[in-house]
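Here is a short report on one protein chain. Please look over the sequence and the model before reading on.

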Amino acid sequence: MAEMSVEFVAVERRLWSGKATFVVAQTTEGEIGIMPGHEPVLGQLIEGGIVKVTTTDGETVTAAVHGGFLSCTGSSVSVLAESADLAEEIDVQAARAALTAEDETERARASARLRAAGQSV
């Protein structure tokens, strides 16, 4: 099975690193899927997007991502987010409450958090 190294970091911390078989991210140019051997690419992550990493163990690491970049070489992917929340760390009640915020950016972040946690918006 082909694999690639993935580093998933936000400004404040490293979210996940390891070997993966697939990465999906939402960029300003649209959704992109990356597999081992992908051509080099640099993409800007959207505010309120989702990134999913399929590990070599078959597990999926999902996070709500708020801006940043994705960089890919043939053997590695780096996800550099301005901020991000891993799905299992998301407070669903707080995210639902934030959907009514006046600030459009905060509403987008709340929506992404809910989608990353597997909730409907």
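Which residue forms a salt bridge with E106, and how many Å apart are the closest N and O atoms? The partner is R113, and the closest N and O atoms are 3.5 Å apart. A salt bridge here is a side-chain nitrogen of Lys or Arg within 4 Å of a carboxyl oxygen of Asp or Glu.

This is a predicted model, in which local features need pLDDT of at least 70 and side-chain atom pairs count only at pLDDT 80 or more, while totals for chains, interfaces and linings use all residues. Residues are numbered from 1 along each chain as its sequence is written, and side-chain values use heavy atoms, with hydrogens and water left out.

**Salt bridges**

The count comes to five salt bridges. The table lists three of them, including the one above.

| Pair | N to O distance | Citation |
|---|---|---|
| R13 and E89 | 2.5 Å | salt bridge |
| D85 and R113 | 2.8 Å | salt bridge |
| E106 and R113 | 3.5 Å | salt bridge |

R13 and E89 link distant parts of the chain. R13 sits in strand β2, E89 in the loop between β7 and α1 (92-98), and 76 residues separate them. Helices (H or I, at least four residues) and strands (E, at least two) are DSSP runs, numbered from the N terminus. R13 counts as partly exposed because its relative accessibility is 32%. E89 is partly exposed too, at 46%. The scale is simple: buried is under 20% relative accessible area, exposed is over 50%, and partly exposed is in between (1.4 Å probe, protein chains only).

D85 and R113 meet in another salt bridge. D85 lies in strand β7 and R113 in helix α2 (residues 104-116), so this pair ties together parts that are 28 residues apart in sequence. D85 is partly exposed, with 22% relative accessibility. E106 is partly exposed as well, at 29%. D85, E106 and R113 are linked in a network of salt bridges.

R107 is also in helix α2. R107 is partly exposed, with a relative accessible area of 30%. Beyond residues up to four places away in sequence, R107 touches A98, L99, A101 and E102. Contact means heavy atoms within 4.5 Å. The C-alpha atoms of R107 and A95 are 8.7 Å apart, with the two residues twelve places apart along the chain.

**Strand pairing**

Strands β1 and β2 run antiparallel and are joined by seven bridges. Two strands pair if DSSP finds at least two bridges between them. M4 has A20 in β2 as its bridge partner. Two residues lie between β1 and β2 in their hairpin.

Strand β2 also pairs with β3, antiparallel, over five bridges. V23 stands opposite I34 in β3. A hairpin through two residues joins β2 to β3. Five bridges pair β2 with β5, again in the antiparallel sense. There, F22 has T54 in β5 as its bridge partner.

**The cores**

In soluble globular proteins, nonpolar side chains tend to be buried together. A nonpolar core is a set of buried Ala, Val, Leu, Ile, Met, Phe, Trp, Tyr and Cys residues joined through side-chain atoms within 4.5 Å. The largest one has 24 residues, and F8, V51, V53 and V77 have the most contacts inside it. At least two residues of this core come from each of β1 (4-10), β2 (13-27), β3 (30-34), β5 (47-55), β6 (60-72) and β7. Another core of five residues lies apart from it, with I50, I90, A112 and A116 among them.

V53 lies in strand β5. V53 counts as buried, at 0% relative accessibility. Leaving aside neighbours within four places in sequence, V53 is in contact with V6, F8, W16, A20, F22, V23, E59, T60 and V61. The C-alpha atoms of V53 and V24 are separated by 6.6 Å, although the residues are 29 places apart along the chain. For V51, with neighbours within four places again left aside, the contacts include F8, V23, L45, V61 and V79.

**A surface patch**

L42, F69 and L80 form a nonpolar patch on the surface, with about 310 Å² of accessible area together. Patches are made of residues with over 30% relative accessible area and no salt bridge, joining like charges within 9 Å and nonpolar side chains (Val, Leu, Ile, Met, Phe, Trp, Tyr) within 5 Å. Accessible areas come from the Shrake-Rupley method with a 1.4 Å probe, and for residues only the protein chains shown count as cover. L80 is found in strand β7 (residues 76-86). L80 counts as partly exposed, at 43% relative accessibility.
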